[in-house]
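Work through the following exercises with the sequence and the coordinates at hand, and check each step against the model.

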2 protein chains.
Amino acid sequence: MSVYTPAEAVEETGFSLDTLRYYEKIGLLERVDRNAAGQRRFSEEDIGWLGMLRCLRDTGMPIATMLRFAELVRAGDHTVPDRIRLLEEHDRQVQAQIANLAERQGYIHRKISYYRSML
Amino acid sequence: MSVYTPAEAVEETGFSLDTLRYYEKIGLLERVDRNAAGQRRFSEEDIGWLGMLRCLRDTGMPIATMLRFAELVRAGDHTVPDRIRLLEEHDRQVQAQIANLAERQGYIHRKISYYRSML
DNA sequence: GGTTGACCTGGAGCCCGCTCCAGGTGAGAT
DNA sequence: ATCTCACCTGGAGCGGGCTCCAGGTCAACC
């Protein structure tokens, strides 16, 4: 399989069709190919790129930053160092999120224990 | 110190003054005391409760859920089991968030490695 | 006794990230 | 032939969570 209908792309990526169109509109996704009737046909590459977007999105990267990343990717191989920097910075933020969640979770656990002690 | 001016409450809780007013307006925070001039004076208890809200908020609990929790707290001690259930459910969600972030982070790491291999 | 400056209220506005809608096209099933 | 259905486009609308604004009141320092 090397080409995906809109419905298949939805299935594959977990994004809604509206979101896929939106991402294309704002330039997160490069102009997707169309068939004769003007309907989108997503390539394997599109699907792969959407997987990357999904990962960045789900780790809390704002769309504006994803857009910068998309532009770096489009600009060619000489931007690889910049992409590494961007991802490393994001990685630090993800790390911070995890640490923060774990700390807050401690608070929640203590609260639960306290409530249990009231019973 | 047993009473806080708005500025001190902002300092202490990390919420903006507008947010504190908003939380009071929607009932997340019970009607805060006022001085003769009508200015808020936050009690130690208010500050403690705001700490709890901060924790729930920062772990991604929607305001609607925090509101349910606030109502349970106000309803009295007989709701302690419900509060425990609510916090345990939230705890599971926090756990899931952490697991999810950790997994996505693996993807990001692999991507960074791949980019490094291109240099 | 005038000027800051911190605060008040009600209500409008904003940003993000979608999501929905109207009106239309073309392909395939009955 | 007609119906259904997946899709198209441009643009409006939405929900969450604040954030800002106008117009006003005190209090406190110079």
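**Exercise 1.** Find which residue of chain B comes closest to the rotation axis, and establish how the two copies are related.

Solution. In this predicted model, where local features need pLDDT of at least 70, side-chain atom pairs count only at pLDDT 80 or more and totals for chains, interfaces and linings use all residues, the residue of chain B that comes closest to the axis is B:Ile98, with its C-alpha at 2.9 Å. Residues are numbered from 1 along each chain as its sequence is written, while chains are lettered from A and ligands numbered from 1 in the order in which they are written. Superposing the copies by least squares on the C-alpha atoms of residues with pLDDT of at least 70 in both, one lays chain B on chain A with an RMSD of 0.1 Å by a turn of 180° and a shift of 0.0 Å along the axis. The two copies are therefore related as by a two-fold rotation axis.

**Exercise 2.** Describe the side of chain B that touches chain A, by element and by class.

Solution. Counting residues as in contact if their C-beta atoms, placed from the backbone, lie within 7 Å, the contact takes 27 residues from chain B and 27 residues from chain A. Among helices (DSSP runs of H or I, at least four residues, numbered from the N terminus), α3 (44-58) and α5 (80-117) of chain B each give two or more residues to this side, and α5(B) supplies the largest share, 21 residues. Because 100% of the interface residues of chain B are also interface residues in chain A, the copies meet through the same surface.

Note on methods:
Two residues are in contact if their C-beta atoms, placed from the backbone, lie within 7 Å. Ala, Val, Leu, Ile, Met, Phe, Trp, Tyr, Cys and Pro count as nonpolar, Asp, Glu, Lys and Arg as charged, and the others, Gly among them, as polar.
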